[in-house]
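Morning, everyone. Please look at the model on the screen while I talk.

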Amino acid sequence: MKLTQALLVTVVALLPCPSSAFIPSSKLVHNPHPFPSSRTFTTAQESGVVTSSCVKQGSSSTSLAMIPSIIQSIPSTLSSVISPVIQRLLLVTAAVAMALNARRILWPNIKPDPNVSEPLPTGKLGCPLFGNQVFIGSKNFGTGYFWHRMSKALGNPRVWMVYFMGRPGAVMSGGERIKRLLNSEFENDGVLNSVRPNGVMLDVNSMLAESDRKTHSYLRRLVGAALTPAAVTAVVPTLQASAEKAVEKLVTESASGKEVKSEEICTEYTMDVAWKSILGLNLAEEEVKTFQEKVDGWVAGFANLRIVFNVYPKSTSAYKCKMWLVKKIEEKIDYLEQNGPDESTLSGMVFATDDEGEEGKTSSPKKKLTREQIVENSLLLMLAGSETSASTLTNALLCLGLHPDKWDKLVQEQRLMQAK
């Protein structure tokens, strides 16, 4: 009954005023009078207040003051028009419809593809409308606790479903399986790129957000030109120096009896690689810590609810951190354009040209990455080369610590390589 009343009230409220003279809503304000039957309207110019409704001039019109009495009269009106049996039947029908469509209403977009015979993968949908709490972490386990806990609860399947903010997804494990999936990215029946750049954390110039096959291949060629074997060989001394510095810190802290925080040391190492090898920056000692804080702040923005829901995202600290990094990258681009290339990955992108030309035609003029494409894909390489690499190294150290025999085997292999 309450639902029906609400629908009727909505209809009444949306009904246009009857024909006759109208006063535009931008010209009216509502002046409550001590006597309900004497409500009047004055122009906005007189009071400085604007309403969002319109009324008909004349005593015979339906005023806003009558809506409460209309609402109060709805139950008796319904009872006189619709019999109790019909009312109960409508309620039962609505309840059955709700029960049959509860999954689709509470967890939108969850339905099998009629063109695919395979069932949806196993999984737990989590809270209605919101889905799984994918950002839940653990002090002892880390930020990936949700994925570990959920996979274990489902029996560690190779593929399982996750649901977050109205969007279903799949979690997959196994190197070969993932490789086959990624290779089908631009096939008609393959995986679709669901990344939607919002211009805050990523924009349309990022290779990660590109859904067109030709444009994606073009970006990969030019970004990849900065990561050739020759380019990687050139930065090996820098990588080795940073690695030796990290290992020395691990050994020194361990020998002194201090608690060794492997994640912090691995993150410092990958940050060294990011600003030295990827961007080729010349940071002072005091700027290195600031650089790491800005990268951490930017990466944290991917889980910032204000950015996820687009609530003034450009006023968040994550966006300000990104702008700090963008400024550093643009300053380096200006330096390279004035002084020529160096051994950094950023330099490779600045001076890379597309050997295949436009649409694969070698006779076409060679194209270069735009300034925006260079900036966004430099950030992408930093994201992949810092956070992901630091997590991988930390987990590798954990696994080697849990399996000393594998550590001994690794040490033996390294000594044999040095002896050759």
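I will cover a pocket, a helix pair and three loop residues.

First, the ground rules. This is a predicted model: local features need pLDDT of at least 70, side-chain atom pairs count only at pLDDT 80 or more, and totals for chains, interfaces and linings use all residues. Residues are numbered from 1 along each chain as its sequence is written, and side-chain values use heavy atoms, without hydrogens and water.

Now the pocket. The second largest pocket has a volume of about 590 Å³. Its lining has 17 residues, and the closest to the centre are Val-247, Leu-250, Leu-397, Leu-400 and Trp-407. A pocket here is an open set of points on a 1 Å grid over the protein atoms alone, where a 1.4 Å probe fits, with protein on both sides within 12 Å along at least five of seven lines; lining residues have an atom within 4 Å of a point. The volume is the space filled by probe spheres set on the points.

Which elements give two or more residues to that lining? They are helices H10 (236–255), H11 (262–278), H16 (371–402) and H17 (404–419). Helices are DSSP runs of H or I with at least four residues, strands are E runs of at least two, and both are numbered from the N terminus. By class, the lining has 14 nonpolar, 3 polar and no charged residues. Nonpolar means Ala, Val, Leu, Ile, Met, Phe, Trp, Tyr, Cys and Pro; charged means Asp, Glu, Lys and Arg; the others, Gly among them, are polar.

Next, the helix pair. H11 and H16 pack at about 150 degrees, with axes 8 Å apart. They are therefore roughly antiparallel, a term for angles over 145 degrees.

Last, the loops. Most residues other than glycine have a negative phi. Leu-129 has a phi near 70 degrees, a positive value. Leu-129 sits in the loop between H5 (102–106) and H6 (145–153). At 48% relative accessibility, Leu-129 is partly exposed. Buried means under 20%, exposed over 50%, and partly exposed in between, with a 1.4 Å probe and protein chains only.

Asn-156 also has a positive phi, about 50 degrees. Asn-156 is in the loop between H6 and strand E3 (159–164). At 51%, Asn-156 counts as exposed.

Is Asn-132 buried or exposed? Asn-132 is buried, at 4%.

Methods: Axes fitted to C-alpha atoms, helices over the stretch in contact; angles between N-to-C directions. Parallel < 35°, antiparallel > 145°, perpendicular 65-115°, else oblique.
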